[in-house]
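Biologist: I should like to learn how to read this structure. Could we take its features in turn, with the general idea before each case?

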Amino acid sequence: MAEQKSKLISMTFNKPWHRYAKGDRAGFEPERAKQLEERKIAVPTAKAKEAAKSTGGQAAGGQKAEAKGTEGADKT
């Protein structure tokens, strides 16, 4: 008889953990997902998307991020 698969929860990482880097997404069993969220290592992807929408995609501090790569460019 086939074993029933439990539903995986998609998690987005806030900081590096094992082989995952900040911003990576992966699916975990509900028990492991709960542990990761309690330890503030990762949040459910649905919550991460809601948080991004509510901040309007702005960088921390409520300001838009400046363009990178212009550090020694001449200003005219």
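**Reading the core, the sheet and the loops**

Modeller: The largest nonpolar core has ten residues in all: Met11, Phe13, Trp17, Tyr20, Ala26, Phe28, Ala33, Leu36, Ile41 and Ala42. A nonpolar core is a set of buried Ala, Val, Leu, Ile, Met, Phe, Trp, Tyr and Cys residues joined through side-chain atoms within 4.5 Å. Buried means under 20% relative accessible area, exposed over 50%, and partly exposed in between, with a 1.4 Å probe and protein chains only. Strand 1 (9–13), strand 2 (25–28) and helix 1 each supply at least two residues of this core.

Biologist: On what basis are such statements made?

Modeller: This is a predicted model, in which local features need pLDDT of at least 70 and side-chain atom pairs count only at pLDDT 80 or more, while totals for chains, interfaces and linings use all residues. Residues are numbered from 1 along each chain as its sequence is written, and side-chain values use heavy atoms, with hydrogens and water left out.

Biologist: Why would such residues gather, and what does Trp17 touch?

Modeller: In soluble globular proteins, nonpolar side chains tend to be buried together. Not counting residues up to four places away in sequence, Trp17 touches Phe28, Arg32, Leu36, Arg39 and Ile41; contact means heavy atoms within 4.5 Å. Of the 76 residues of the chain, 17% count as buried.

Biologist: In which order do the elements of the chain run?

Modeller: Helices (H or I, at least four residues) and strands (E, at least two) are DSSP runs, numbered from the N terminus. The chain has two helices and three strands, and from the N terminus on its elements run β-β-α-β-α.

Biologist: How should the sheet be read?

Modeller: Strands of a sheet pair through backbone hydrogen bonds, either parallel or antiparallel. Two strands are taken to pair if DSSP finds at least two bridges between them. Here an open sheet of three strands has the order 2-1-3, with antiparallel pairing. Strand 2 and strand 3 are the edge strands, each pairing on one side only. From one strand to the next, the twist averages 40 degrees. Strand 1 and strand 2 run antiparallel and are joined by four bridges; Ser10 stands opposite Gly27 in strand 2.

Biologist: Where do the helices lie with respect to the strands?

Modeller: Axes are lines fitted to C-alpha atoms, for helices over the stretch in contact, and angles run from 0 to 180 degrees between N-to-C directions. Helix 1 lies across strand 1, strand 2 and strand 3, at about 25 degrees to strand 1. Helix 2 (residues 45–55) also lies across strand 1, strand 2 and strand 3, but runs at about 90 degrees to strand 3.

Biologist: What is to be noted about phi in the loops?

Modeller: Most residues other than glycine have a negative phi, and most peptide bonds are trans. His18, in the loop between strand 1 and strand 2, is not a glycine and yet has a positive phi of about 50 degrees. Lys40 likewise is not a glycine and has a positive phi of about 60 degrees; Lys40 lies in the loop between helix 1 (30–38) and strand 3 (42–44).

Biologist: Is Lys40 buried or exposed?

Modeller: Lys40 is exposed, with a relative accessible area of 62%. Leaving aside neighbours within four places in sequence, Lys40 is in contact with Asn14 and Lys15.
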